[in-house]
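User: Hi! I've just opened this protein and could use a hand. Can you walk me through it?

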Amino acid sequence: MTRHLLEEQRAGRINADLRLLIEVVARACKSISIAVGKGALGGVLGDAGSDGEASINVQGEAQKKLDVLSNEILMEANAWGGHLAGLASEEMDHSVPISDAQPRGNYLLLFDPLDGSSNIDVNISVGTIFSVLRCPDGVTTPGDEHFLQPGTAQVAAGYCTYGPSTMLVLTIGHGTHAFTLDREIGSFVLTQRGMTIPEETREFAVNMSNQRFWEAPMQAYVGDLLQGREGPRGKDFNMRWVASMVADVHRILTRGGIFSYPLDSKCAAKGGKLRLMYEANPMSLLVEQAGGAASTGRQRMLEVRPTGLHQRVPVFLGSRAEVEAAVRYHHEHDSQEQGDG
Ligand code: FBP
């Protein structure tokens with residue numbers, strides 16, 4: 001990966017500061033991979049908190065020990081590098097400016113330190129997701145408001161998945177590339193240059209147990225998928241759901257598919273389940289750079305104007321033709337509603 005990024009720099013596609021920032025994040029992911037890999041032997045499984053009191057994060061979720069540890073590893077690794085002006089984490093209420101005791105840089109880093117929390121203790125793939133923005137000119141001590149930039153403003157995005165192998169998937173706006181951690185030499189090695197998502201797919205990923213809570217267009221969309229070749233879609237679809245977004249998206253970047261976490265009556269008040277800044281935006285940039293599409297069901301994800309650091313959104317991403325099909329069901333339903341209105 002070091003050589004790949006250096007070649008990108010020589011080609012003028014990335015500057016030294018952003019290259020070194022990505023190297024720092026990758027190094028932190030190596031440490032997290034070691035901690036996750038130790039599992040029970042490392043005493044890192046189970047809930048954080050003490051005296052039987054769960055530790056609850058800003059999302060209102062009980063934190064896992066590995067959530068807290070991964071967050072600390074990323075905070076510590078990025079505190080002194082000199083590439084950042086501030087950081088924001090899914091696990092922390094507010095963003096944190098780099099202390100003025102440390103050199104500051106021009107970038108803002110956002111991350112979900114450990115995605116797939118429900119799978120941490122059961123040895124299923126989890127991961128770290130990150131997104132990089134520019135710090136607005138003239139701002140030396142950034143606040144939450146300076147992070148509220150649309151996904152199109154990302155200068156880099158990636159995730160590291162901790163599974164059978166540890167892989168870091170990255171884009172700096174020139175394609176999406178995958179690097180596998182060679183544990184013997186301790187380096188990420190380029191193993192897939194220019195990942196490309198097939199236009200069409202027969203594979204969908206959604207938590208079906210939420211079906212009764214879905215909106216009408218989502219009910220219709222999945223209802224037609226499930227009818228297979230006898231139905232209006234004219235082909236059979238298979239389903240996969242790992243419940244770790246990093247693992248589901250990695251499968252889609254590797255062989256296609258559609259991932260969705262739609263709006264449902266359980267999460268409607270929050271605007272959705274998944275977080276725009278830490279999950280939807282970085283994954284959407286990676287998917288678009290691999291030829292796929294990403295939407296809220298009604299709008300291109302990367303054009304959503306953020307209103308809050310922990311904002312949640314409905315998510316549809318993956319094979320372009322299938323995402324467009326899902327969006328069509330929503331648009332047809334909405335225009336009918338307006339027509340009837
Ligand atoms: P966190 O684990 O970071 O909170 O992420 C949310 C997430 O676990 C996604 O990774 C995954 O796609 C989804 O929630 C699973 O949701 P559900 O538990 O409803 O299947």
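Analyst: Happy to! This is a predicted model, and its protein chain is divided into domain 1 (1–194) and domain 2 (203–340).

User: Cool. What separation is there between the centres of the two domains?

Analyst: Taken over C-alpha atoms, the centres of domain 1 and domain 2 are 24 Å apart.

User: And how many residues are in contact?

Analyst: On one side, 47 residues of domain 1 take part, and they are in contact with 33 residues of domain 2. The area buried between domain 1 and domain 2 is about 2,900 Å², and carbon and sulfur atoms give 61% of that area.

User: Why give an area at all?

Analyst: The accessible area lost when the parts come together is often used to give the size of an interface.

User: Got it. How many salt bridges are there between domain 1 and domain 2?

Analyst: The count is one salt bridge. Arg275 forms a salt bridge with Glu90, and their closest N and O atoms are 3.3 Å apart. Between domain 1 and domain 2 there are also 16 residue pairs in polar contact.

User: Which element gives the largest share of domain 1's side?

Analyst: That's S6, with seven residues on the side of domain 1 that touches domain 2. Elements giving two or more residues there include strand S3 (84–89), strand S5 (107–115) and helix H4 (144–147). By class, this side has 18 nonpolar, 23 polar and six charged residues.

User: Switching topic: what about the whole chain's secondary structure?

Analyst: The protein chain has eight helices and 17 strands.

User: And why does its radius of gyration agree with a compact globule?

Analyst: A compact globule of 341 residues would have a radius of gyration near 20 Å, and the protein chain has 20 Å, so the two agree. Along the principal axes, its C-alpha atoms fill a box of roughly 60 × 55 × 45 Å.

How values were computed
Residues are numbered from 1 along each chain as its sequence is written. This is a predicted model: local features need pLDDT of at least 70, side-chain atom pairs count only at pLDDT 80 or more; totals for chains, interfaces and linings use all residues. Side-chain values use heavy atoms; hydrogens and water are left out. Domain bounds come from an automatic or database domain assignment. Contact means heavy atoms within 4.5 Å. Buried area is the accessible area (1.4 Å probe) that two parts lose on being put together, summed over both. A salt bridge is a side-chain nitrogen of Lys or Arg within 4 Å of a carboxyl oxygen of Asp or Glu. A polar contact is a pair of N or O atoms within 3.5 Å; within protein, one must be able to donate a hydrogen and the other to accept it, and residues adjacent in sequence count only if both atoms are side-chain atoms. Helices (H or I, at least four residues) and strands (E, at least two) are DSSP runs, numbered from the N terminus. Ala, Val, Leu, Ile, Met, Phe, Trp, Tyr, Cys and Pro count as nonpolar, Asp, Glu, Lys and Arg as charged, and the others, Gly among them, as polar. The radius of gyration is taken over C-alpha atoms; the globule rule is 2.2 Å times the number of residues to the power 0.38.
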